[in-house]
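These are my notebook entries from a first walk through a new structure. Come along and look over my shoulder.

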Amino acid sequence: MRGQRPPENGGPPPAETLPVDPDTPSPLPSEQARPARPRQWDVLAVIALGGGLGSVARYGLAHAWATPTGGFPWATFTTNITGSLLLGVLMVYVLEIWPPSRYVRPFLGVGILGGFTTFSTYTVELRGLLATGHVSIADAYALTSLVAGLAAVWTGIVLARRLGGLPVRRGPRRRSQAGQTASLKPEPVSTAGRGSAQ
C-alpha cells in the first residue's frame, strides 16, 4: 500500500506479498472496481456432484462397518482420519504442484472430501456415548479423533511433498526464530579462508 514501509522488526511481510489461494482471483488495482463473476453455478454444480459422491461413500462405509451400541464408532473415525490424510495430500498438490484449476479443489476438497468426512455424525455419536454412560469410550473417541486427525493431515502433507519432490518444510529450530520466515534460497557460500589469493 502507498506510504507503508516493510516491517523493520523482522515481522511478517505486508499482506500484498503473502501467498494467496490460487482459486481466488487476486484483483489488480485497475480491476478492483470490476463486479464479481456472474458465473458461479458451474462451481456449485461441481461441489454438489463431489459432495454426493463423498456422502454415498461415507454412507456405504458406515453401513458396512456398523457400530454396536456403546462401542467405539470405527467407521466414522476411519472416515474422518482418511479424509484428513487425503485433504493434506490434496492441498499440497492443489497449491504447490498442479497448475491452477477452477474445478479441482471445489470438486475434490469441498465436494468429495467435504461430503465424505463428517463432524455432525461424530458429535451425534459422541453425545450418544455420553448419554448411555460410556464416558471412557467417549473420551477416547474425542481425543483420538482430534490427535489422529491432526497427525493424518501432517502425514498427508509430508507424503505429498515427498512424492512431489518438494522439500519437507520444518519449523524454526529455536524459539527465538519463530517469527522469522524461512528462505528457500540457499545461503551464499563465503570463499574467505579457502586459500584464495587476495
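**Entry 1: helix H3**

I began with the third helix, H3, where Arg 105, Pro 106, Gly 109, Gly 111, Leu 113, Gly 115 and Phe 116 are buried. By buried I mean under 20% relative accessible area, while exposed is over 50% and partly exposed lies in between, with a 1.4 Å probe and protein chains only. I then looked up what these residues pack against: the buried residues of H3 meet helix H1 (41-64) and H2. Contact here means heavy atoms within 4.5 Å.

**Entry 2: ground rules**

I note that this is a predicted model, in which local features need pLDDT of at least 70 and side-chain atom pairs count only at pLDDT 80 or more, while totals for chains, interfaces and linings use all residues. Residues are numbered from 1 along each chain as its sequence is written, and side-chain values use heavy atoms, with hydrogens and water left out.

**Entry 3: the whole protein**

I counted the secondary structure next and found 5 helices and 0 strands. Read from the N terminus, the elements run α-α-α-α-α. Helices (H or I, at least four residues) and strands (E, at least two) are DSSP runs, numbered from the N terminus. The protein has 198 residues, and 22% of them count as buried. I also checked contacts with a separation of 6 or more: residues 24 or more positions apart account for 72% of them.

**Entry 4: the core**

Which residues make up the largest nonpolar core? I listed 9 residues: Phe 72, Phe 77, Ile 81, Tyr 122, Leu 126, Leu 129, Ala 138, Tyr 141 and Ala 152. The elements that give two or more residues to this core are H2, helix H4 (120-131) and H5. A nonpolar core is a set of buried Ala, Val, Leu, Ile, Met, Phe, Trp, Tyr and Cys residues joined through side-chain atoms within 4.5 Å. As background, nonpolar side chains tend to be buried together in soluble globular proteins.

I followed one core member, Phe 72, a little further. Leaving aside neighbours within four places in sequence, Phe 72 is in contact with Thr 67, Phe 77, Ile 137, Ala 140, Tyr 141 and Thr 144.

**Entry 5: a pocket**

I turned to the second largest pocket, which has a volume of about 280 Å³. Of its 15 lining residues, the closest to the centre are Asn 80, Ser 84, Phe 119, Ser 145 and Gly 149. For the terms: on a 1 Å grid over the protein atoms alone, a pocket is an open set of points where a 1.4 Å probe fits, with protein on both sides within 12 Å along at least five of seven lines, and lining residues have an atom within 4 Å of a point. The volume is the space filled by probe spheres set on the points.

Helix H2 (74-97), helix H3 (104-116) and helix H5 (135-163) each supply at least two residues of this lining. H2 gives the most, with 5 residues. I sorted the lining into 7 nonpolar, 8 polar and no charged residues. In this sorting, Ala, Val, Leu, Ile, Met, Phe, Trp, Tyr, Cys and Pro count as nonpolar, Asp, Glu, Lys and Arg as charged, and the others, Gly among them, as polar.

**Entry 6: Asn 80 and Thr 117**

Is Asn 80 buried or exposed? Asn 80 counts as buried because its relative accessibility is 15%. Asn 80 sits in helix H2, and a polar atom of its side chain lies 2.8 Å from the backbone nitrogen of Thr 118. Beyond its neighbours within four places in sequence, Asn 80 is in contact with Thr 117, Thr 118 and Tyr 122.

That led me to Thr 117, in the loop between H3 and H4. Thr 117 is partly exposed, because its relative accessibility is 25%. A polar atom of the Thr 117 side chain lies 2.8 Å from the backbone oxygen of Leu 113. Neighbours within four places aside, Thr 117 is in contact with Arg 58, Thr 79, Asn 80 and Gly 83.

**Entry 7: the fifth helix**

I finished with Arg 161, which lies in helix H5. Arg 161 is buried, with a relative accessible area of 4%. Not counting neighbours within four places, Arg 161 is in contact with Val 92, Glu 96, Leu 166, Pro 167, Val 168 and Arg 169.

Key: A polar contact is a pair of N or O atoms within 3.5 Å; within protein, one must be able to donate a hydrogen and the other to accept it, and residues adjacent in sequence count only if both atoms are side-chain atoms.
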